[in-house]
Amino acid sequence: MEPAPLYHDIALGPEGGKAYWMLTTDGVQLRAGFWPGGDKGTVLILPGRTEFVERYGIVAKELANRGYNTLTLDYRGHGLSDRLTTPADRGHVDDFRDYQLDVAALMRLAKAQNIPEPFFLFANSMGGCIGLRALQEGLNVKAVCFNAPMWGIKMSSTERFAARAIGRLVQNKKLCHARVPTMPDTESVIEQPFTENAVTRSKEVFSHLRFQMRERPELVTGSPSINWLHQALLECDRLANSPLPTIPAVTFLGTDENLVDASPVHHIMKRWQNAKLITVPGSKHEVFLDLPDVGNAFYTELDALFSQNRAAG
């Protein structure tokens with residue numbers, strides 16, 4: 001695997017971080033990032049929509065403090081991975097299940113680079129949707145931690161109806177690459193003020209995330225395409241009542257969640273054996289990037305889950 005750029009100055013991850021290029025079976029070049037951290041195994045991170053490797057540098061540091069390595073990636077259309085549309089900042093995918101090819105490429109990289117096992121999964125937002133599908137298809141991890149998994153998208157009934165109708169109409173047409181007009185473009189994402197953010201209550205964390213995007217705007221993904229939204233809704237439909245994996249799981253969900261639909265999260269977690277849902281009062285979308293006491297509680301719970309299941313299976 002060829003080395004790829006990793007922007008240490010904005011990632012602030014543990015010492016020794018590396019990045020690699022990897023290729024999917026359908027010919028898309030992706031970037032993966034790895035940070036060493038200890039002898040407990042490796043946490044595979046499946047990021048949320050618009051996110052990139054460097055965004056998880058501070059997460060990798062928290063995991064390293066608890067003895068874990070971190071392996072993550074830029075999905076297709078994200079970060080330094082191949083962009084699929086013009087303009088390049090458009091978040092697009094032809095079929096949501098294409099993201100499984102990205103996960104498969106990451107696992108091939110893990111094997112090729114002898115990334116330390118056992119593996120655990122941490123899946124955030126859109127990564128929760130991708131991660132649940134990957135688990136159903138046999139992803140080899142000992143336990144999984146979800147944060148605000150995108151098993152549904154928070155929309156009004158009118159918006160949902162329109163998204164489905166328009167998505168069906170524009171299949172196989174250039175218009176499927178068009179930006180969803182109700183969602184922010186790249187400039188809006190970068191310049192969003194703290195008071196309007198849906199991610200964190202921490203001003204320090206928010207400033208760091210905005211600094212990353214301002215320093216490296218080429219890493220940022222803006223509004224999704226019409227087809228991305230259509231495909232995401234279809235995948236959420238498919239997952240809603242599908243068989244669930246049997247591995248241990250914990251899911252975090254803030255009570256002030258404003259990006260994903262909380263109802264499918266509650267529905268799926270009620271059906272999942274050997275799993276629990278933790279709701280966090282006042283927390284926004286990313287519980288692990290919340291105020292320090294909440295973040296510490298998150299990582300303590302994650303460590304307990306992973307530590308208890310290192311020898312499972």
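In this predicted model, Pro87 sits in the loop that connects β4 (69-74) with α3. The peptide bond leading into this residue, from Thr86 to Pro87, is cis, with omega near 0°. A cis bond also joins Glu117 to Pro118, here with omega near 5°, and Pro118 belongs to the loop between α3 and β5. For context, most peptide bonds are trans, and most residues other than glycine have a negative phi.

Backbone angles of interest also turn up in other loops. Leu12 is not a glycine, yet its phi is positive, at about 55°. Its place is the loop between α1 (8-11) and β1 (18-23), where Leu12 is partly exposed with a relative accessible area of 40%. Thr50, likewise not a glycine, has a positive phi of about 80°. This residue lies between β3 and α2 (57-65), in the connecting loop, and is partly exposed, its relative accessible area being 23%.

Turning to the overall fold, the protein chain contains 10 helices and 8 strands. Its radius of gyration is 18 Å, close to the 20 Å expected from the globule rule for 313 residues, so the chain is as compact as a globular protein of that length. The C-alpha trace spans about 50 × 40 × 40 Å along its principal axes. Of the 313 residues, 56% count as buried. Contacts across the sequence are well represented: among those between residues at least 6 apart, 76% join residues at least 24 apart.

The surface of the protein chain amounts to about 13,100 Å² of exposed area, with carbon and sulfur atoms supplying 52% of it. As for charge, there are 33 positive and 35 negative side chains, and the centres of these two sets lie 4 Å apart.

Helix α4 deserves a closer look. Spanning residues 126-136, this helix has 10 of its 11 residues buried, so it is largely enclosed by the rest of the structure. Among the buried residues are Met126, Cys129, Ile130, Leu132, Arg133 and Leu135, together with the glycines Gly127, Gly128 and Gly131. The cover over the buried part of α4 includes the strands β3 (42-46), β5 (119-124) and β6 (144-147), and the helices α3 (99-112), α8 (226-240) and α9 (262-271). Just beyond the helix, Gly138 adopts a positive phi of about 100°. Further on, Lys142 is found in the loop between α4 and β6 and is partly exposed, with a relative accessible area of 21%. The C-alpha atom of Lys142 is separated by 6.2 Å from that of Phe119, although the two residues are 23 apart along the chain.

The interior can be described through its nonpolar cores. In soluble globular proteins, nonpolar side chains tend to be buried together. Here the largest nonpolar core has 58 residues, and those with the most contacts inside it are Phe96, Leu121, Leu135, Met150, Trp151, Trp228 and Trp272. Helix α8 gives the most to this core, with 7 residues. A second, separate core comprises 25 residues, including Val43, Leu289, Phe298 and Tyr299. Back in the largest core, which counts Trp151 among its residues with the most contacts, the surroundings of this tryptophan can be listed in some detail. Leaving aside residues up to four places away in sequence, Trp151 touches Gly128, Cys129 and Leu132, and its partners also include Phe146, Cys236, Leu239, Thr251, Pro264, Val265, Ile268, Met269 and Trp272.

Definitions and conventions:
Residues are numbered from 1 along each chain as its sequence is written. This is a predicted model: local features need pLDDT of at least 70, side-chain atom pairs count only at pLDDT 80 or more; totals for chains, interfaces and linings use all residues. Side-chain values use heavy atoms; hydrogens and water are left out. Helices (H or I, at least four residues) and strands (E, at least two) are DSSP runs, numbered from the N terminus. The radius of gyration is taken over C-alpha atoms; the globule rule is 2.2 Å times the number of residues to the power 0.38. Buried means under 20% relative accessible area, exposed over 50%, partly exposed in between (1.4 Å probe, protein chains only). Contact means heavy atoms within 4.5 Å. Accessible areas come from the Shrake-Rupley method with a 1.4 Å probe; for residues, only the protein chains shown count as cover. Lys and Arg count as positive and Asp and Glu as negative; His and the chain ends are not counted. The place of a charge is taken as NZ of Lys, CZ of Arg, CG of Asp or CD of Glu. A nonpolar core is a set of buried Ala, Val, Leu, Ile, Met, Phe, Trp, Tyr and Cys residues joined through side-chain atoms within 4.5 Å.
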